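Thanks for coming. I will go through one structure today, starting with the strands and ending with the surface. Please keep the sequence and the picture in view.

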Amino acid sequence: MPRRKHYTVYLWFERDNANITVDDEKGKTIAEWHDDEAYQMGEDGFFVFGRGEKALAESVLSYLEYIGVIKSKNYTYEVR
């Protein structure tokens with residue numbers, strides 16, 4: 001069985017500012033969204049805001065899987 005990949009989802013919000021970053025297990029940033037771009041992803045239905053950090057992180061990872069950045073659901077993650 002292949003080893004599970006691990007991702008870290010960083011979420012930072014302050015007033016109208018937002019930063020969502022996803023790093024792989026080597027610490028390389030594989031995706032990031034800032035401010036209006038992050039909120040637009042929610043308005044477009046890709047990211048889930050308002051249901052907690054876990055739901056948001058899972059929606060971000062699901063989006064990355066949908067567009068082919070993450071290859072399968074065989075991964076673990078943490079939220080920071």
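Start with Tyr 7, whose partner across the strands is Tyr 77 in S4. Before I go on, this is a predicted model, in which local features need pLDDT of at least 70 and side-chain atom pairs count only at pLDDT 80 or more, while totals for chains, interfaces and linings use all residues. Residues are numbered from 1 along each chain as its sequence is written, and side-chain values use heavy atoms, with hydrogens and water left out.

Helices and strands here are DSSP runs, numbered from the N terminus: H or I of at least four residues for a helix, E of at least two for a strand. Two strands pair if DSSP finds at least two bridges between them.

Back to the strands. S1 covers residues 5–14 and S4 covers residues 75–79, and the two are parallel, with 5 bridges. S1 also pairs with S2, residues 17–23, this time antiparallel and through 7 bridges. One position to look at there is Val 9, which has Val 22 in S2 as its bridge partner. S2 in turn pairs with S3, residues 29–34, in the antiparallel sense over 5 bridges. In that pairing Asp 23 is opposite Thr 29 of S3. As a general point, side chains in a regular strand alternate between the two faces of the sheet.

Now the turns. How many residues lie between S1 and S2 in their hairpin? There are 2 residues between them, and Arg 15 in the turn has a positive phi of about 50 degrees. Arg 15 has that positive phi although it is not a glycine. For exposure I use three words: buried means under 20% relative accessible area, exposed means over 50%, and partly exposed is in between, with a 1.4 Å probe and protein chains only. Arg 15 counts as exposed because its relative accessibility is 73%. The hairpin of S2 and S3 has 5 residues between the strands, and in it Gly 27 takes a positive phi near 90 degrees.

Next is helix H1, which covers residues 35–43. Asp 35 is in this helix, and Asp 35 too has a positive phi although it is not a glycine, at about 45 degrees. Asp 35 is partly exposed, at 33% relative accessibility. Tyr 39 is also in H1, and with 28% relative accessibility Tyr 39 counts as partly exposed. Its C-alpha atom is 9.4 Å from that of Asp 16, and the two residues are 23 apart along the chain. Is Met 41 buried or exposed? Met 41, another residue in H1, is buried, because its relative accessible area is 10%. The C-alpha atoms of Met 41 and Trp 12 are separated by 15 Å, with their positions 29 residues apart along the chain.

That brings me to the surface. Patches are made of residues with over 30% relative accessible area and no salt bridge; like charges are joined within 9 Å, and nonpolar side chains (Val, Leu, Ile, Met, Phe, Trp, Tyr) within 5 Å. Accessible areas come from the Shrake-Rupley method with a 1.4 Å probe, and for residues only the protein chains shown count as cover. Lys and Arg count as positive, Asp and Glu as negative, and His and the chain ends are not counted. The place of a charge is NZ of Lys, CZ of Arg, CG of Asp or CD of Glu.

Which residues form the negative patch? They are Asp 16, Glu 32, Asp 35, Asp 36, Glu 37, Glu 43 and Asp 44. H1 gives the largest share, 4 residues. Glu 37 is in H1 and is partly exposed, at 45% relative accessible area.

There is also a nonpolar surface patch, made of Phe 46, Tyr 66, Ile 67 and Val 69, with about 400 Å² of accessible area together. Ile 67 is in the loop between helix H2 (53–66) and S4, and Ile 67 is partly exposed, with 45% relative accessibility.

Last, salt bridges. The term means a side-chain nitrogen of Lys or Arg within 4 Å of a carboxyl oxygen of Asp or Glu. The count by this rule is 1 salt bridge. The side chains of Glu 78 and Arg 80 form a salt bridge at 3.2 Å, N to O. Glu 78 is partly exposed, at 27% relative accessible area. Arg 80 sits in the segment after S4 and is exposed, at 52%. The C-alpha atoms of Arg 80 and Tyr 39 are 18 Å apart, and the residues are 41 apart along the chain.
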